[in-house]
Amino acid sequence: MHQQAPSADPPTPDAALPGLRELASTAAETRAVVLVLHGGRATDRRRVRGHHLAYLRMRLLSSKLHRAVAANGVAVWQLRNRLRGWNEPDRDPVTDASWALDRISARHPDVPVVLVGHSMGGRAALRAAGRDAVTGVCALAPWTEAGDPVRQLHGRAVLIAHGTRDRTTSAAAAADFADRAAAHAGSVRFETVPNAGHALLRRRRRWDGLVRRFTGTLLHSREERP
């Protein structure tokens with residue numbers, strides 16, 4: 001079956017800056033924002049383009065999530081990084097995520113933000129979670145290392161999900177990260193997705209459902225607080 005190609009993103013005014021795709025809430029008021037972060041490579045200083053698979057993968061997830069949450073006052077923003085790599089010690093995706101969070105705070109002050117990231121984007125989401133606006137992180141098949149910090153997750157809700165057939169990032173390393181984070185985060189849940197690999201293609205509905213339920217449960221619990 002032929003599928004219509006996704007429309008091109010608007011050009012970034014300054015080529016030195018990341019790109020942002022904004023899917024607005026359809027409610028009268030924006031009550032929360034989900035920021036979606038894509039994957040990449042350990043080292044790669046080439047620019048990210050809108051047709052790259054790592055970006056398109058999360059574009060599809062962003063669109064599906066937006067359809068599910070927009071009427072409830074939730075906007076979905078998708079970041080397009082400047083560069084394709086993590087690029088230690090620069091950690092370029094973390095810098096880009098902070099840039100996007102600054103813009104979300106300027107547009108929607110005092111609104112909670114949930115970070116959703118895949119692979120390298122999951123690592124960036126976990127690292128950027130210390131920002132005041134961030135209330136939760138959903139990391140899908142995240143790339144994690146033994147020395148990655150966890151204190152920035154203090155009080156945040158964290159979901160880490162990993163496919164049992166993932167050969168790109170380590171489920172064992174992600175589970176170890178979840179164990180270390182449990183001493184600091186408000187809540188940590190580690191889930192496996194049976195028979196799923198790294199690319200979020202197999203068991204697609206399960207991945208989408210995990211993100212949707214995590215986001216909805218987290219924001220609903222905030223509404224119930226006195």
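Two strands are taken as paired if DSSP finds at least two bridges between them. In this predicted model, strand E1 (residues 19-23) and strand E3 (residues 74-80) pair in the antiparallel sense, over 5 bridges. Arg80 of E3 is the bridge partner of Gly19. The side chains along E1 alternate between two faces. Gly19, Arg21 and Leu23 point to one face and are buried, whereas Leu20 and Glu22 point to the other and are not buried.

The pairing of E1 with E3 belongs to an open sheet of 7 strands with mixed pairing, in the order E1-E3-E2-E4-E5-E6-E7. E1 and strand E7 (187-193) stand at the edges; each has a single partner strand, so one side of each is left without a neighbour in the sheet. On average, neighbouring strands of the sheet are turned by 15° against each other, direction ignored.

Helix H3 (residues 120-128) packs on this sheet and touches four elements: strand E2 (32-37), strand E4 (113-118), strand E5 (134-140) and strand E6 (157-163). The direction of H3 makes about 150° with that of E4. Helix H4 (residues 171-181) lies across E6 and the edge strand E7, running at about 165° to E7.

Definitions and conventions
Residues numbered from 1 in each chain as written. Predicted model: local features only at pLDDT ≥ 70, side-chain atom pairs only at ≥ 80, totals over all residues. Heavy atoms only, no water. Buried < 20%, exposed > 50% of the residue type's maximum accessible area, 1.4 Å probe, protein only. Axes fitted to C-alpha atoms, helices over the stretch in contact; angles between N-to-C directions. Contact = heavy atoms within 4.5 Å.
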